[in-house]
Each structure stands twice: as structure tokens, then as C-alpha cells.
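Subject: Structure handover

Hello,

Here is the structure I said I would pass on. Please open it alongside this message, since the notes below refer to it throughout.

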Amino acid sequence: MIAETGHLALILALCLALLQGTLPLAGAARGHEAWMKLATGAALAQAAMTMIAFAALTLAYIHSDFSLRNVFENSHSLKPMLYKVTGVWGNHEGSLVLWVLILALFALAVAVRGDRLPLETKARVLGVLGLIAAGFLAFSLFTSNPFERLDPPPVDGRDLNPILQDPGLAFHPPFLYLGYVGLSVTFAFAVAALIEGRVDRRWAQWVRPFTLASWTFLTTGIALGSWWAYYELGWGGWWFWDPVENASFMPWLAATALLHSTIVTGKREALKSWTILLAILAFSLSLLGTFLVRSGVLTSVHAFAVDPARGVFILAILTASIGGALALYAMRAPSLRPGGFFAPVSREGALVLNNLFLAAGCFTVLTGTLYPLLLDVVSGATVSVGPPYYEIVFVPLMVPLLILVALGMMAPWKRADLAGVLSRLKLLALVSVVTWGIAWWWTLQSSPLPAFGIALSVWIAGSVILEYGERIRIFRCPLRQSWQRARRLPAASHAMNLAHFGLAVFVAGVTASSAWQTEIIRTMAAGDRQDIAGYTLVFEGAQMVAGPNYDAERGSFLVMADGRHITRLEPERRSYLVQATQTTEAAIHTTLFADLYVVIGDAVGDGGHVVRLYHNPLVPWIWGGALLMAAGGAIGLVRRRGGPP
Amino acid sequence: MTGGQRRRTCGAGWRAMLRLLVLPGLLLLAAPAPLHAVEPDEILADPALEARARDLGRELRCLVCQNQSIEDSDAPLARDLRVILRQRIEAGDSDEAAVAWIVERYGDYVLLKPPLRGDTVILWGAPLVALAGGALVVFFAMRRNRRAGNGDGP
């Protein structure tokens with residue numbers, strides 16, 4: 001009964017989405033007020049229906065209702081409750097329901113909070129969102145129905161893949177989807193602006209919170225995924241340039257560029273046409289990511305051809321939205337009035353360069369991701385594009401961007417003042433170069449590149465501190481006064497500085513962890529000792545323990561440093577009973593400056609075990625930095641009471 | 001050992017797909033296994049040679065995995081390639097010769113960094129073209145902007 005309610009709600013949601021996607025748009029075109037006003041109601045009702053559908057599916061999972069094929073295939077009665085719930089989106093059908101739910105919630109936000117929007121604009125934005133929702137609801141209902149029944153119902157389920165039974169991965173998809181789908185709102189605003197032929201300061205102000213929110217969610221989602229990869233996969237890597245990772249990284253790059261170009265549009269009414277294009281591209285890349293991941297085309301072009309129903313459906317959604325929006329762009333963009341003037345060396349100029357490098361980086365990742373597929377289709381030749389490719393082509397594109405961060409933050413709006421910028425950064429440049437030299441000497445590396453990464457981090461962090469210090473006139477006026485100045489700064493200023501500081505932390509983490517990792521792989525028997533990076537580990541042996549739905553072999557390592565007991569690390573190898581698979585659970589001792597990372601492997605010979613020990617310097621800074629960036633994004637969303645958004 | 005049946009597959013392909021919770025059908029076909037990659041018995045006694053083997057291995061693809069280097073994969077084929085690579089290096093091959101030896105038998109597909117050849121020119125040229133093309137667009141837009149903005153410029 002519950003499942004049928006959910007199914008019905010999903011069908012009604014599709015009808016409402018179709019209504020939301022047609023009449024308001026037609027009404028806005030013909031000046032029909034009543035039709036335009038339908039948008040808000042339709043969005044509210046559609047959100048309610050989608051919530052009911054999602055709740056129904058969640059209930060089926062909680063009750064382990066195995067008469068639903070979806071629950072049977074992805075759940076098990078013994079599974080911990082947390083993973084029963086997160087299992088809802090741990091599969092294709094359920095994750096689509098989550099997708100449409102998030103889309104409906106974003107539309108709800110526009111419908112409820114958008115009372116300051118002109119009626120036409122609101123109708124158009126909600127109309128476009130309705131069309132997108134209709135596409136995905138139809139996709140769900142016609143190719144991936146989560147409410148399909150099994151008769152007779154099986155006794156128990158097949159369980160969720162054990163690798164998904166993990167807190168990091170459980171909450172990774174919702175954040176990623178919040179980011180992907182949030183970009184649909186920006187996209188809808190861009191389409192509305194093209195129809196109306198008007199992009200101005202107000203438009204940028206409407207769009208900014210949605211861009212910022214999407215970016216923040218994407219940042220969090222990607223960071224969660226990479227953190228999970230780091231602790232779950234058992235050799236300390238955290239980013240693999242895998243096509244699936246790239247699928248989420250490309251929208252992030254585009255959203256980052258959009259975030260910066262929207263600032264220029266909002267402040268100076270410049271870069272209008274480019275900002276609109278970016279808004280379209282950012283969402284297109286989200287859709288492309290969905291297509292790549294959902295269609296199976298990544299496994300191989302041929303896997304896609306075997307069961308093309310789903311892939312073709314997404315491809316149709318993709319073509320309709322991207323093609324439609326780009327055609328509209330081609331027709332209407334030339335008529336947008338050119339924006340405010342600015343000198344090449346100015347804050348705007350720096351932001352343009354920021355966009356140039358981010359866009360080139362995004363294009364590079366896109367090429368690297370699609371090239372093997374395209375080449376296979378065109379000529380049948382197979383090539384592999386892996387991490388070494390990206391390290392050669394992507395990293396050099398990011399280095400100038402990172403150098404630019406400091407210059408951009410120091411540059412004034414509108415006018416050229418290169419001398420002023422350079423004189424303010426003189427001291428910092430010196431400090432950074434000295435850092436480079438010291439780090440190079442200290443690490444005794446033949447390559448100066450890792451040390452350069454650390455210097456870059458100092459350069460960015462230093463420029464943040466300089467910028468912030470100048471704003472609040474620290475040490476140039478009484479501290480009380482500085483404090484008051486800090487409190488009066490707009491949220492955007494705190495946001496920018498915090499996010500850029502996070503970037504500096506991230507850069508240091510990436511550099512140090514990739515350049516100065518220590519690895520020891522050996523066989524250890526109970527009582528064996530091993531030194532690594534100033535720690536001594538004593539292997540105390542391994543024993544069997546039972547979990548709720550798995551058995552585990554748990555090793556125990558005593559960690560000591562300078563003769564003192566530091567902690568005990570207990571890595572596990574789990575055997576999940578239902579799916580008959582194993583996972584490794586690394587044990588990690590995290591300090592501010594490094595991770596000690598221990599993995600236990602196969603038993604060999606007489607009571608010995610293969611053991612992998614890693615010392616990963618500054619690796620916590622990678623996620624710390626990402627977290628700071630996301631926090632910056634969140635702070636930017638704070639709207640001062642009474643002030644402009 | 002535990003009661004669970006141990007299946008060896010290459011993990012990163014699955015890991016990566018799972019990252020976005022892909023294709024439940026495929027998940028049922030092959031379950032992921034923990035990644036162990038390099039085993040102690042493979043490691044060369046000479047740390048310098050082993051370091052070279054590591055660096056080279058990271059650029060060679062595990063042929064039965066998705067986008068995973070032989071260093072990171074625990075598939076039997078990846079292990080074989082690691083062992084072969086180390087044998088070549090111990091026999092005194094240069095880095096180039098050792099890789100060439102493997103490419104000769106497995107084709108360019110084994111290289112995670114595709115070689116520059118006729119049909120990869122676009123791949124390698126893309127970043128440069130994107131940057132140069134973008135720079136040109138920016139340049140002309142700025143010039144037009146300056147002309148148009150002369151009136152209200154500073």
C-alpha cells in the first residue's frame with residue numbers, strides 16, 4: 001500500500017511538473033498573469049508529491065519490504081538501520097528519486113523565497129525547472145521505477161554492496177546531488193535572462209546564492225568522496241582522475257568559474273554574456289556527468305549499446321536541455337548590452353584570467369575523460385588516459401591560477417594599478433621565495449617542485465592575511481577598532497578570505513602528501529616491530545571479531561614514539577556475509593601534521609600478516625582545506641538583516 | 001581466514017563506479033575486493049630499482065581494470081606485469097626499454113599516459129588550444145570593451 005502511494009505520488013509529480021513546465025512559460029510569453037501565477041502552486045504541490053514518493057521508498061527500506069524489487073536488490077534485514085536509510089540512494093532507481101526530490105526542493109526555495117522576483121522571471125525560472133523535473137520524473141517512471149513489485153516476495157534481500165556501508169560514502173551522494181541539482185536553478189535563471197534579454201546587477205544577486213550553495217555542496221560532496229577513497233581503499237591515495245571523479249570535478253570547475261564571474265556581473269554589470277554561458281555549461285556538465293555515470297558508457301561504449309534504454313533517455317534530456325539552451329544563447333546573447341568598462345589590470349581583469357584558466361582546465365578534463373570513448377567510436381583504436389596525463393596537462397594550468405589568487409585579491413576594481421598591487425605584495429613574494437628555498441633544502445629533494453607547492457600555499461595564505469589585515473587596519477588602529485571593522489565587513493569578504501585560506505591549506509596538503517609519503521610493505525608476525533617516520537609500531541597479532549552483518553579479522557598495533565605509548569591502531573579486514581565480499585578498514589592515527597595509516601592484509605605462512613604502513617604528511621590538510629572552502633561558501637550565503645543579499 | 005568466499009577483482013574500477021553508486025546490475029556481477037596491490041614478495045631488494053619500478057608501474061595500466069595502474073591493482077594480470085617489469089629492470093633495462101618491452105606485447109593501451117601519435121594529437125593539444133583560444137577571445141573582448149567603454153572609462 002505504501003509503495004503504491006509512493007508510485008502514485010511520483011506519477012502525480014510528473015503531471016504537476018508538466019504543468020509547471022508549460023503554462024507559466026506560455027503565460028510569461030503572452031502576458032497571461034493567471035497562468036504565470038500557477039508556477040508557485042505547481043512547484044509547491046510537486047515538491048509535496050516528490051516528498052511523499054521519497055518517504056514511501058524510505059519506509060519500504062526501513063521496514064525491509066522485500067516485495068519491492070528495489071529493496072530486495074539493495075537491502076537486507078540484518079543491515080544496520082543507518083545503511084537501510086542511506087541504501088535508498090545507494091542504487092540507480094533510488095538515487096533518481098533523491099535527485100528529483102532535491103530538484104523539487106530547490107524549486108520550492110525559488111517559489112517560496114522568490115517573492116521579490118518579477119512575476120515573469122519567477123514564472124520562467126520555475127517553468128524551466130518544471131521541464132527539467134518532468135524529464136527526470138519520466139526517466140524514473142519509464143526506465144527506472146523504484147516501486148516495482150516482486151511476486152512472490154523473497155524472504156530476504158541481497159544486501160547493499162558492503163563498500164557503500166560506510167558513513168563517508170553514505171552522505172557523499174546527497175551532497176553531490178545538492179550541488180549538481182542546485183546548478184539547475186542557475187541554469188533556469190540563465191534561460192529566463194536570455195528569454196527576457198536582460199542581465200543586470202539584480203540578476204546576479206538572484207543567482208549568486210544558488211551558485212554559492214551549489215558550489216558549497218559540490219565541494220563538500222567531492223571532499224567526502226575523496227576522503228572515503230582515502231580511508232577505505234587501503235593505500236592512502238585520495239584522487240585518481242577516474243572518469244567518475246572527473247564527472248563531478250568538471251561541474252565543480254565550471255561552478256567555481258561561475259562563482260567568480262557572477263561577482264563581476266553583480267558588481268560591474270560586465271561579463272554578462274560569458275556568465276550566462278557559464279551557467280548553461282555548468283549545468284550541462286552536471287547532466288553530462290550523470291549521463292556518463294548512469295549510462296554505463298564509461299565501462300565501455302559497447303556496454304552502453306547492450307542496454308541503451310536508460311542511456312538514450314538521459315542523452316535525450318541532455319540534448320534537449322543543452323541544445324535548447326545553447327540555441328537560445330546563440331540567438332539572444334548578441335543582443336545583451338555590453339557591460340561596464342574595466343582596465344586589463346584590475347580586479348575584473350584578474351577574475352577574467354581566473355575564468356580563463358578554470359575554463360581551460362575544465363576543457364582539459366573533459367577532453368581527457370571523453371577522448372578514449374570518442375576515439376573508440378571513431379576509429380576503434382583504444383587509448384588509456386590516466387593520472388600521468390592529467391599531472392602533465394592539468395597541473396600547469398592551475399599553477400598560474402594559484403599565483404593569480406594573491407594578485408587578484410590585491411587589485412582594485414575597475415582601474416589599473418599594477419605598481420600598487422606589486423608593492424603591496426613585495427614582502428610576501430620575498431617570504432614565499434625564501435620558503436621555497438628552505439623547503440627545498442630541508443627536504444633534500446632533487447626536484448624543487450614540491451617545495452614550490454609549499455611556497456604557493458604560503459603565497460596564497462599570506463595574501464589572505466594581508467588582505468584581511470588591511471581591511472580591518474590591524475595594528476594600525478586600536479584592536480577594539482579593528483574588531484569593530486571586522487564585524488562590519490560584508491559576509492562576502494569573510495567568505496572570500498576563508499575560502500582562499502582553505503585553498504592554501506589544500507595546496508599544502510596535496511603537495512606534501514604526494515611528495516613526501518613514506519610507505520612500508522612487509523610481513524609481520526605477532527611481536528614484530530617496525531619503525532616509520534619517528535613512530536615505532538608493534539604488531540600484537542590478529543583476532544576474529546563479529547560485526548552486525550560481517551565477520552572481521554582485526555589486527556592490533558601498538559604505536560609508540562620516543563618510548564611513549566601513543567595509541568593502538570586496529571585495522572580490519574571484513575567479510576560481508578550476504579554478498580560474500582571483503583573490505584579493508586584502514587586504521588588511521590591523525591595528528592595536525594600527518595596521518596599514520598595502517599592496513600592489514602593476507603595471512604601468510606605461520607601467523608604472519610602482510611602489513612602496509614604509510615606516513616602521509618599533511619594529508620589531513622586536504623580535507624581540512626576543502627572544509628574551509630566549503631565553510632567560506634556557507635558564510636557567503638549569510639544575508640545581513642536589511643542589507644542587500 | 002573467514003568463511004566468506006574471497007573473490008579477486010580489481011578494485012578501483014568498482015571503487016570509482018561505486019563512488020557515484022553506479023549501475024546496480026554491474027555491482028551484482030562482480031563484488032569489490034580490498035586492494036592490496038604490491039605484495040611484499042614482489043619488492044626488489046635494491047630500493048633504487050624498486051623505486052624505478054614503482055614510478056614506471058604507475059604509468060602502466062592494469063588491462064582488466066578500469067583506469068587503474070598496475071601498482072594499485074590486485075588483479076593477477078597486474079601482478080604478472082609488475083613481476084615482468086621488475087625482471088626487466090633487474091636485467092638492466094633502461095626505463096624506456098622496460099616500458100617498450102611491455103608496450104610491444106600489450107600495445108599502447110597499456111600506457112596511462114597515451115603516446116603522442118596521429119590520433120592523440122587532439123588529446124595532447126586540447127589544453128594548449130583551450131588556453132590560447134580563450135586568451136584570444138579575452139584579448140579581443142577587452143579591446144572591444146575598451147573601445148566601447150572609452151566614453152565612461154577612467
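The notes below go from chain A as a whole to three of its strands, and then to one helix of chain B.

Please keep in mind that this is a predicted model.

Chain A overall

Chain A contains 21 helices and 10 strands. Its radius of gyration is 27 Å, close to the 26 Å that the globule rule gives for 645 residues, so chain A is as compact as a globular protein of that length. Along the principal axes, the C-alpha atoms of chain A fill a box of roughly 80 × 75 × 60 Å. Of its 645 residues, 56% count as buried. Among the contacts in chain A with a separation of 6 or more, 73% are between residues 24 or more positions apart.

Strands E8, E9 and E10 of chain A

Strand E9(A) covers residues 594-604, and 8 of its 11 residues are buried, so the strand is largely enclosed by the rest of the structure.

E9(A) pairs with strand E8(A), residues 587-590, in the antiparallel sense over 4 bridges. One of the residues involved is A:Ala587, whose bridge partner in E9(A) is A:Val598. The two strands form a hairpin, with 3 residues between them.

E9(A) is also joined to strand E10(A), residues 608-617, by 9 bridges, and this pair runs antiparallel. Here A:Ala594 has A:Pro617 in E10(A) as its bridge partner. E9(A) and E10(A) form a hairpin as well, with 3 residues between the strands, and in this hairpin A:Gly605 takes a positive phi near 55 degrees.

Helix H3 of chain B

Helix H3(B) spans residues 47-57, and its buried residues are B:Ala53, B:Leu56 and B:Gly57. These residues cover an arc of only 95 degrees around the axis, which puts them on the same side of H3(B). An α-helix has 3.6 residues a turn, so residues three or four places apart point the same way.

What do the buried residues of H3(B) pack against? They pack against two helices of chain B, H4 (76-90) and H5 (95-106). The face of H3(B) turned away from the buried side carries the exposed residues B:Pro47, B:Ala48, B:Ala51 and B:Asp55.

Regards

Key. Residues are numbered from 1 along each chain as its sequence is written. Chains are lettered from A and ligands numbered from 1 in the order in which they are written. This is a predicted model: local features need pLDDT of at least 70, side-chain atom pairs count only at pLDDT 80 or more; totals for chains, interfaces and linings use all residues. The radius of gyration is taken over C-alpha atoms; the globule rule is 2.2 Å times the number of residues to the power 0.38. A residue is buried if 20 or more other C-beta atoms lie within 10 Å of its own, exposed if 12 or fewer, and partly exposed in between; C-beta atoms are placed from the backbone. Two residues are in contact if their C-beta atoms, placed from the backbone, lie within 7 Å. The arc is that of the directions from the helix axis to the C-beta atoms. Two strands pair if DSSP finds at least two bridges between them.
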